[in-house]
Amino acid sequence: MLRVLFSIMLTCSLVTSIAIAADKKGAPKPTYADVSYGPYKMNKLDFWEAKGKGPRPLLVYIHGGGWIGGDKSRLPGKIQTYLDKGISYAAVNYRLTGEAPLPAPVHDAARAIQFLRSKAKEWNINKQKIALTGGSAGACTSMWLLLHDDLADPKAKDPVLRESTRVTAAAVGGGQTSIDPKVIEPWLGPNVLKHAMIHRAVGGKSMEDVMDNYKKHEALYKEFSPYNHLTADDPPLLMTYGNNMKLPSENAGHGIHHPVYGVKMKEKADKAGTECHLLIPGVSTSKQYKNANEFLMDKLLSKDS
């Protein structure tokens, strides 16, 4: 069991490199570190403030790890590149499913976005230019936030909750566009259900336990599958995957990061008429962008709000 869990965590860790190269040693020191954005111990974020005239656009990194592990300290590379372009940066921690299953990990990330907006004046953030990035479960969360209706509550007593959760764009790697076992098994084959992310997301002890009680978990699976929230008015999305297109998926790690997730989302986005780019080496390209960094720079630095 420990060997299986280690393998799962390793694949989640490795997928982040699909979109962004890790570069801990080269990362600059945050302007503000371990800032609490909510009531829980894991509700912490780091913030790097970029210099520039006027409020700065912001890129927010949400780490991967299947909602089982990972940490904001798994820093992506090229933070300094964004800062040099006048783009501020944030990295977010959130509760993991061992502590609290869905909706906790995703709703924590949503609150982090609202908190960052509440700091707009103090931290010189342009509320209209916030983009998301992340790999694996961080990609799933990023896509959910990108596509979901606004969670802002104008009547909330907590001023943070009055802020918007909507963002400008997202560029993600190896992300799950659905976590619903009754959707992804037909897409990818049975091996994807061997990944602990799927049953632990809803607090299940095993996949067998979850499927025996599917009706109990169905609403969570449907709600937290980004694919279900895509509509014609959604912001731009860029997805990057590895190029192993084999079906059915070869193992749990391959299944949970399979390129078909992106293919399915791209097909739906194209039908809806939303801007969606899918990068799979040797399989799918974008006419506009070679990589995630080009896409994010364009969306965050463009003059259009």
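**View 1. Strands β6 and β7 run side by side in this predicted model.** Strand β6 covers residues 169–173. β6 pairs with β7 in the parallel sense, over four bridges. One residue pair to find here is Ala171 and Leu238: Leu238, in β7, is the bridge partner of Ala171.

**View 2. Eight strands make an open sheet.** Follow the strands across in this order: β1-β2-β4-β3-β5-β6-β7-β8. The pairing is mixed. The edges are β1 (32–36) and β8 (276–279). Each of these two strands pairs on one side only. On average, neighbouring strands of the sheet are turned by 20 degrees against each other, direction ignored.

**View 3. Helix α5 packs on the sheet.** The helix touches four strands: β3 (56–62), β5, β6 and β7. The direction of α5 makes about 145 degrees with that of β5. α5 spans residues 137–147 and is mostly covered, with eleven of its eleven residues buried. Among them are Ala137, Gly138, Thr141, Met143 and Trp144. Leu145, Leu146 and Leu147 are also on the buried list.

**View 4. Ser136 sits in the loop between β5 and α5.** That strand, β5, covers residues 125–135. Is Ser136 buried or exposed? Ser136 is buried, because its relative accessible area is 0%, under the 20% cut-off. The side chain of Ser136 has a partner: a polar contact of 3.4 Å joins it to the side chain of Gln176. The backbone deserves a look too. Ser136 has a positive phi of about 55 degrees, although it is not a glycine.

**View 5. Asn124 also has a positive phi without being a glycine.** Its phi is about 60 degrees. Asn124 is found in the loop between α4 (120–123) and β5. How accessible is Asn124? The relative accessibility is 23%, so Asn124 counts as partly exposed.

**View 6. The largest nonpolar core has 64 residues.** Which element gives the most to this core? α5 does, with eight residues. The residues with the most contacts inside the core are Leu45, Val60, Trp67, Leu116, Ile179, Leu237 and Met239. Another core lies apart from it. That second core has 22 residues, among them Tyr61, Leu75, Leu238 and Leu300.

**View 7. Val60 is one of the core residues with the most contacts.** Set aside the neighbours of Val60 within four places in sequence. Val60 is then in contact with Ala90, Val92, Ile113 and Leu116, and also with Ile130, Ala131, Leu132 and Thr133. Leu116 is itself listed among the core residues with the most contacts.

**View 8. Two prolines follow cis peptide bonds.** The bond from Leu102 to Pro103 is cis, with omega near 15 degrees. Pro103 lies in the loop between β4 (88–92) and α3 (104–118). The bond from Leu247 to Pro248 is cis as well, with omega near -5 degrees. Pro248 lies in the loop between β7 (237–240) and α10 (252–256).

**View 9. Pro105 has its place in helix α3.** Is Pro105 buried or exposed? Its relative accessible area is 1%, so Pro105 is buried. Leaving aside neighbours within four places in sequence, Pro105 is in contact with Trp67, Tyr94, Arg95, Thr97 and Ala100. One of these contacts, Trp67, is also among the residues with the most contacts inside the largest nonpolar core. Lys41 gives a longer distance to check: its C-alpha atom and that of Pro105 are separated by 13 Å. Along the chain, these two residues are 64 residues apart.

**View 10. Cys140 and Cys276 do not form a disulfide.** A disulfide is a covalent bond between the sulfur atoms of two cysteines. How many disulfides does the structure hold? The structure holds zero. Why is Cys276 without such a bond? The closest cysteine sulfur to that of Cys276 is in Cys140, 15 Å away, and that is too far for a bond. Cys140 is buried, with a relative accessible area of 1%. Cys276 also counts as buried, at 7% relative accessibility. Cys140 belongs to helix α5, where it is one of the buried residues.

Technical notes. Residues are numbered from 1 along each chain as its sequence is written. This is a predicted model: local features need pLDDT of at least 70, side-chain atom pairs count only at pLDDT 80 or more; totals for chains, interfaces and linings use all residues. Side-chain values use heavy atoms; hydrogens and water are left out. Buried means under 20% relative accessible area, exposed over 50%, partly exposed in between (1.4 Å probe, protein chains only). A polar contact is a pair of N or O atoms within 3.5 Å; within protein, one must be able to donate a hydrogen and the other to accept it, and residues adjacent in sequence count only if both atoms are side-chain atoms. A disulfide is a pair of cysteine sulfur atoms within 2.5 Å. A nonpolar core is a set of buried Ala, Val, Leu, Ile, Met, Phe, Trp, Tyr and Cys residues joined through side-chain atoms within 4.5 Å. Contact means heavy atoms within 4.5 Å. Two strands pair if DSSP finds at least two bridges between them. Axes are lines fitted to C-alpha atoms, for helices over the stretch in contact, and angles run from 0 to 180 degrees between N-to-C directions.
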